[in-house]
Amino acid sequence: MTPSDGYLLDNRQNEAGQRFDAFATLFDPTTFRHIEALGIGPGLRCWEVGAGGTSVVSWLAEQVGPTGEVVATDIDTSRLASVARPPVEDRVHDVGAEEPPGEGFDLVHARLVLVHVPDRERALRSMIQALRPGGRLLVEDADPALQPLICPDEYGPEQRLANRLRQGFRKLLAERGADLSYGRKLPRLLREAGLAEVQADAYFPVTSPACTALEAATVRQIRDRLVTAGLATDEDIEQHLANVEAGGMDLATAPMISVWGRKG
């Protein structure tokens, strides 16, 4: 899959950097907490799947130090150039279509990636294959079907418009093969794959400046597709962006479900 083949949110679009910054603000504390609990330290080998932005890759590099290794992969690695130096190695790689970029990893991590991968089963199998015995897998993915609203408190026309546009976004994702209920399946999938000590939790931000920034960047990134598909008008989108900028709405994200386990 190429960067523009089926993937709705292209890393090369101007708004992608704003989205990665918002993801880092919203989700890095949760991700780092889980990785620290799994055990991260000097000399370890990590595979960051679908890295996209740099925040997790940079943090992992600090943890493993010069004796460790962080392999950061994505179908588009253009945003990883600034951190692509030892112990980081960046590789163009499609986790759902190619063999893993190595083996014997102590940690394999993917955040908000597999929900978009057409062959999620192969991708998950590849990630587990790449682990050493005793290695840890951490998969964090969204479940938009579990909480489909951008405005859970839908009390006025601004919120209703926001939720209508979010419904259009979800429709576009589903048409491109995204599994909008994938997050909730991950604990079962990891157990069925033979991982031990499987646990999970979820993080659900309801309102924050980062949620607002993420919504504005996302809508700008997909506005042409929404209009072309007849899911919104330019007037709808301009009104919604003005509503978002006004700062009077409580904007949420879909729950991010974090699941982890150990390879036997």
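This passage describes a helix pair and two buried residues in a predicted model.

The helix pair comes first. Helix H4, which spans residues 157-175, packs against helix H7, residues 234-246, with the two axes 10 Å apart and at an angle of about 120°. That angle makes H4 oblique to H7, and H4 passes H7 in a left-handed crossing. On the H4 side, the contact is made by Glu 158, Leu 161, Ala 162, Arg 164 and Leu 165. Their counterparts on H7 are Asp 236, Gln 239, His 240 and Asn 243. In chemical character, the residues of this contact divide into three nonpolar, three polar and three charged.

Helix H4 also holds Leu 172. With a relative accessibility of 2%, Leu 172 counts as buried, because the cut-off for that class is under 20%. A pairing remote in sequence is found here as well: Leu 172 and Arg 225 are 53 residues apart along the chain, and their C-alpha atoms are separated by 8.1 Å.

Attention now turns to a strand. Ser 258 is found in strand E7, which covers residues 256-262. The relative accessible area of Ser 258 is 0%, so this serine is buried. Its side chain makes a polar contact with the side chain of Glu 140, at 2.7 Å. Glu 140 also appears among the residues in contact with Ser 258 once neighbours within four places in sequence are left aside. The others in that set are Thr 30, His 34, Leu 138, Val 139, Gln 199, Ala 200 and Asp 201.

Definitions and conventions:
Residues numbered from 1 in each chain as written. Predicted model: local features only at pLDDT ≥ 70, side-chain atom pairs only at ≥ 80, totals over all residues. Heavy atoms only, no water. Axes fitted to C-alpha atoms, helices over the stretch in contact; angles between N-to-C directions. Helix = DSSP H or I, 4+ residues; strand = E, 2+ residues; numbered from the N terminus. Parallel < 35°, antiparallel > 145°, perpendicular 65-115°, else oblique. Left-handed = near helix turned anticlockwise from the far one by under 90°. Contact = heavy atoms within 4.5 Å. Nonpolar A, V, L, I, M, F, W, Y, C, P; charged D, E, K, R; others polar. Buried < 20%, exposed > 50% of the residue type's maximum accessible area, 1.4 Å probe, protein only. Polar contact = N/O pair within 3.5 Å; in protein donor to acceptor, adjacent residues only side chain to side chain.
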